[in-house]
Amino acid sequence: MEKEIAKFSVNYLQILDENGKCAEQPGLTQKQIKEIYESMVLARIFDERSIKLQREGRLGTYPPLKGQEAAQIASAYALGKNDWMIPAFREHASMILRGLSMEMILQYWGGDERGQKIPSGENDLTFAIPVGTQPLHAAGIALAMKIMGEKTASLVYFGDGATSEGDTNEAMNFAGVFSLPLVFVCENNQWAISVPRSRQTASQTIAQKAVAFGFEGVQVDGNDVFAVYSATKSALEKARSGGGPTLIELFTYRMGDHTTADDASKYRKKSEVDEWVKKDPIERLRKYMESKKLWSKADEEKLLAKLGKKVEDAVKKYESVPAEEPGKIFEYVYAEMTENLKNQQKSLEHQDEAKS
Amino acid sequence: MALFNLAQAINLALGQEMEKDKKVVLLGEDIGVDGGVFRVTEGLLDKFGSDRVMDTPLAESAIIGASIGMAIYGLKPVAEIQFDGFIYPALDQLISHAAKIRNRSRGRFTCPLVVRVPCAGGIHAPEHHSESPETHIVHTPGLKAVIPSNPYDAKGLMAAAIRDPDPVVFFEPKKLYRASKQEVPEKDYEIPIGKASIAKEGGDVTLISWGTMVHVCTEAAEKLKEKNIDVEIIDVRSLSPLDTETILTSVQKTGRAVIVHEAPRTLGLGAEIAATISEADILSLKAPVKRVTGFDIPMPLAKHEYLYLPNAERVAKAAEEVMKF
């Protein structure tokens, strides 16, 4: 005898359509909507400025985020101060929103570890460059929260490529087994460098992978701030109140190159990019705000001027940070330097003397 | 004073540290209900509950990756990797994150984590159950590695490892778990990480080894005594950081060194020790430094492991060669 013993369905959530229209937004105040909008615009200006800095030889390799502003800002906006955020490496928008300064982000991509000295009190982990390794750290943080009886949650970002990595799957399995207060946010931006999503998985959606791990997955229009915020907020509330993990697939698009060392025109058509430009998350929210008389051309001009200056100030700060003393490269390997490292540090000093 | 074998001594240390510090939690495969496949965590689930002694899904990278998150958050996880040969899936987490998070965040985040690894051969185990992967750990800046050769050191090293602010890989030679018993004080003490011990004093040649091989060196010393060769034995204990001072002081005294380890020879820790000795004081040497090690082959299965593992005859022969040089 054969009978059906399991079946599942996956929901798709969109609130704000591509023309900026929506039936009912998820209870955000006008001030909050403007805050979200400003944060997205800031992220875009920062992103464009960073790419230019790299082209001018003033910044190292940098991974652009253009197109993913709603996915990052609206999800991070749903976090509480005591919740933890675990980024991959493209989450500059989320990091800035959570409080990491733009000059520190530039400092890191400029090749200086001090840019990832997350200010104490900020519950955000450093960037994790090895793809898909960080969901396990989020699982550990969530497990610690659970053991310590705290009513907080952790949120981890990763991309569609990361869903192919063993660690990401191990993290989801772990989260399911221990019913962890953890929100998995997959920014499905359709491309892992040159490899399309279809080459990462034969699964119809990424969201449905959660089902196999015993928890809920949902696909969300990742360019729709209201849907991203709403899905993340309810997943976080569920997590904090003991309801376990959720996987949120944010269906979005990386409008730029993978990094400044990449040329996306080699592997994808302009027509595809153009289609996604029509779904631009920032334009979409602006249309909504204009239609609700929350925003005017004058507001926009004022904002662009203000944020442009803010980014320029950050660039100035980044470029005026004094160099770290050479010997410092030895000082953060262990809590206390080993004799071996002290000797190596001394040899570096001698090298400096020989040079000067 | 009560007698403990090495497994019991580690169990005692784990229980005592958990009593003292609520932040100490254990996790791994079969460590709870089963008490670990070597029974090292026996009884701890009953005593401390399932929030502090956690049976995890069968996923080594998850065990270490989650432990990193827990350590960053403020707990002190003691993770068990069931067997040496199964540590490899977790090496990415150890090398890319546990070892680097302090440096990457310029000290903002730390990873006070202990990874227990039953290791090495001599118990006729299946493939992948008898390996000595310490080089991978020692070669990674940001990690520490220790290995006890006796119950007394095991308890003190475990206490030190759990209290250490950095990630420590704690190798446990399987062959020694129940090989002998020793008086182990219940009272609190630490064996400091980074300090070797002189297991036996002597004047003619220094044998440098760790783990199970310390006992092989002791056996070799008996044979050599019959030939009037008086050996000094250094139990390295702390593979990283390495106590080069103790090693150099001994070699400067004897003028001869034989390094003995189970791991394959090429780029084994013996190579580093030999290079360190010759860089620091080659003129104190009366003979070239010799190595008696595992061969550069995959660890043989049970029937042939005796061919691979250094034994007292090989060690004694090497010591005689450096004496005759």
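**Exercise 1.** In this predicted model, determine how many residue pairs are in polar contact across the interface of chain A and chain B, and describe which residues and elements make up the side of chain A that touches chain B.

*Solution.* Across the interface of chain A and chain B, counting pairs with both residues at pLDDT 80 or more, there are 16 residue pairs in polar contact. Turning to secondary structure, the elements that contribute two or more residues to the side of chain A that touches chain B are α5 (134-147) and α6 (166-177) of chain A. Of the elements, α5(A) gives the most to this side, namely eight residues. Sorted by residue class, the side of chain A that touches chain B comprises 22 nonpolar, 10 polar and 10 charged residues.

**Exercise 2.** Establish how many salt bridges cross the interface of chain A and chain B, and find the distance between the closest N and O atoms of B:Arg106 and A:Glu324.

*Solution.* The rule finds two salt bridges across the interface of chain A and chain B. B:Arg106 forms a salt bridge with A:Glu324, and the closest N and O atoms of this pair lie 2.8 Å apart, which is within the 4 Å cut-off.

**Exercise 3.** Describe the extent of the contact, and state which three residues of chain A supply more of the area that it buries against chain B than any other three.

*Solution.* The contact draws 42 residues from chain A and 39 residues from chain B. Between them, the two chains bury about 3400 Å², with 68% of it on carbon and sulfur atoms. On the side of chain A, A:Ile147, A:Tyr332 and A:Tyr334 supply 20% of the area buried against chain B, more than any other three residues.

Definitions and conventions:
Residues numbered from 1 in each chain as written. Chains lettered and ligands numbered in written order. Predicted model: local features only at pLDDT ≥ 70, side-chain atom pairs only at ≥ 80, totals over all residues. Heavy atoms only, no water. Contact = heavy atoms within 4.5 Å. Buried area = accessible area lost by both parts, 1.4 Å probe. Salt bridge = Lys/Arg side-chain N within 4 Å of Asp/Glu carboxyl O. Polar contact = N/O pair within 3.5 Å; in protein donor to acceptor, adjacent residues only side chain to side chain. Helix = DSSP H or I, 4+ residues; strand = E, 2+ residues; numbered from the N terminus. Nonpolar A, V, L, I, M, F, W, Y, C, P; charged D, E, K, R; others polar.
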